[in-house]
Amino acid sequence: MSRPRGDVAADRSQRADDDGTDPGARRRASRSLWAACEALLSAADPRALARALDRLAEACDCDGVALHVVGPDGTFQPWCARGAWRTAPGDLRGCLSVPLCRGEERIGTLDLLGRPGQSLHPGQMSLIRTAAGALGAALGARLELQRLRSEPGRDPLTGLPDARAFHARLENEMSRARRHGYPLGLAFVDLDHFGALNQRYGRAVGDAVLAEAALVLRLALRESDLIARMGGDQFGVLLPETDLNPARRCGERLRHALEEHRFARVGRLSASIGVTASPRGGVEGIELVASGDQALALAKKSGRRRVKAIEPAPVH
């Protein structure tokens, strides 16, 4: 039986009064927050930071937003800021500084300047806590890959391990898997129609897409997983202690992460992914790679934008 319209309206009003905002405002703020995180991943777009901070100010209903990051000497250094941070004498308003962490590592702060006469209500505080977690992960991944680009064994474009480092880690993980009886998952990710993208937008935009895709994929994985750039538009992913079905689910998560992200200049992209796992996909590194390559080829031949695995033949 339906409830009287007046009772429903009263409930909505009560929910709005409880946290200082209404459900529609919360949804708009959440969309602004995730748009800010998406912009923060646009590593090669100099306008992305300005867009990210503008969306954060909108989400948190503040007059000013700034990011500080931990520099090489361990001190917090200003990175970027937006809004009216210079205020007139006697203009007293609320300010908030929230730590940004990636795991246990503190990598920066999010600073907010409130509006005149405004106090932060519980709904804003909840969103700010969510923002701190999401921004810490996105900013941490971006800074880490930027820092690693010049190191040996790293791809200079994305900051990810290169193909040689991937194969070295694969052999180590295969040895550990055989020694302890653990499975080892592997996934190969190939961006769909990347050659056509390069032809249409140019090599510089294509390189920016690859750097951005590396960030998106890294954030969708566990800390214990390894992602590397294998060359061109292909990425390799090692999933320790992961059997075939969990590896397939991880492949779907990576595919959705790429499809849901809006890349600078080019918009939405899709990917084909092939997954496999030891011991059924092979007990040696070369066998597992061959199985993953076969699964990726099947995904591309089946129409792209999908995850495929080579099912092992039944043993009688």
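How do strand β1 and β4 pair, and over how many bridges? They pair in the antiparallel sense, over 6 bridges. Bear in mind that this is a predicted model. My notes follow.

1. Starting with β4. Strand β1 covers residues 64-70, and one pair to look for is Leu67, which stands opposite Leu110 in β4. Strand β4 itself runs over residues 105-113 and is mostly covered, with 7 of its 9 residues buried.

2. The partner β3. Strand β3, residues 95-102, also pairs with β4 in the antiparallel sense, here over 8 bridges. Arg102 faces Glu105 of β4 in this pairing. The two strands make a hairpin with 2 residues between them, and Gly103 in the turn has a positive phi of about 70°. Strands of a sheet pair through backbone hydrogen bonds, either parallel or antiparallel.

3. The five-stranded sheet. Further along the chain, 5 strands form an open sheet, ordered β6-β7-β5-β8-β9, with mixed pairing. Its edges are β6 (226-231) and β9 (307-309), each of which pairs on one side only. On average, neighbouring strands of this sheet are turned by 20° against each other, direction ignored.

4. Inside that sheet. β5 (residues 184-191) and β8 (residues 271-278) run antiparallel and are joined by 8 bridges. If you want a place to start looking, Leu184 stands opposite Ser278 in β8.

5. A cis bond after β8. Ser278 turns up again here: the peptide bond from Ser278 to Pro279 is cis, with omega near 0°. Pro279 sits in the loop between β8 and α9. As background, most residues other than glycine have a negative phi, and most peptide bonds are trans.

6. Helices on the sheet. Helix α8 (residues 244-260) lies across β5, β7 (234-240), β8 and β9, and runs at about 160° to β8. Helix α9 (residues 285-301) lies across β5, β7, β8 and β9 as well, running at about 150° to β8.

7. α7 against α8. Helix α7 takes in residues 203-219, and its axis comes within 9 Å of that of α8, the two crossing at roughly 135°. That angle makes α7 oblique to α8. The crossing is right-handed. Where do they touch? Ala213, Val216 and Leu217 in α7 meet Leu254, Ala257 and Leu258 in α8. By class, this contact has 6 nonpolar residues, no polar and no charged ones.

8. α7 against α4. Helix α7 also packs with α4 (residues 122-148), at an angle of about 125° and with the axes 10 Å apart. α4 is therefore oblique to α7. This crossing, too, is right-handed. From α4 come Ala137, Ala138, Ala141, Arg142 and Leu145, which meet Ala214, Leu215 and Leu219 of α7. The class count for the α4 and α7 contact is 7 nonpolar, no polar and 1 charged.

9. Asp225. Is this residue, Asp225, buried or exposed? Buried, with a relative accessible area of 3%. Asp225 lies in the loop between α7 and β6. Leaving out residues up to four places away in sequence, Asp225 touches Arg218, Leu238, Leu239 and Pro240. I'd have a look at this spot on screen.

10. Two residues with unusual backbone angles. His193 is not a glycine, yet has a positive phi of about 55°. You'll find His193 in the loop between β5 and α6 (194-201). His193 is exposed, with a relative accessible area of 52%. The second is Arg305, also not a glycine and with a positive phi of about 55°. Arg305 belongs to the loop between α9 and β9. Its relative accessible area is 52%, so Arg305 counts as exposed.

Technical notes:
Residues are numbered from 1 along each chain as its sequence is written. This is a predicted model: local features need pLDDT of at least 70, side-chain atom pairs count only at pLDDT 80 or more; totals for chains, interfaces and linings use all residues. Side-chain values use heavy atoms; hydrogens and water are left out. Two strands pair if DSSP finds at least two bridges between them. Helices (H or I, at least four residues) and strands (E, at least two) are DSSP runs, numbered from the N terminus. Axes are lines fitted to C-alpha atoms, for helices over the stretch in contact, and angles run from 0 to 180 degrees between N-to-C directions. Contact means heavy atoms within 4.5 Å. Angles under 35 degrees count as roughly parallel, over 145 as roughly antiparallel, 65 to 115 as roughly perpendicular and the rest as oblique. A crossing is left-handed if the near helix is turned anticlockwise from the far one by less than a right angle, and right-handed if clockwise. Ala, Val, Leu, Ile, Met, Phe, Trp, Tyr, Cys and Pro count as nonpolar, Asp, Glu, Lys and Arg as charged, and the others, Gly among them, as polar. Buried means under 20% relative accessible area, exposed over 50%, partly exposed in between (1.4 Å probe, protein chains only).
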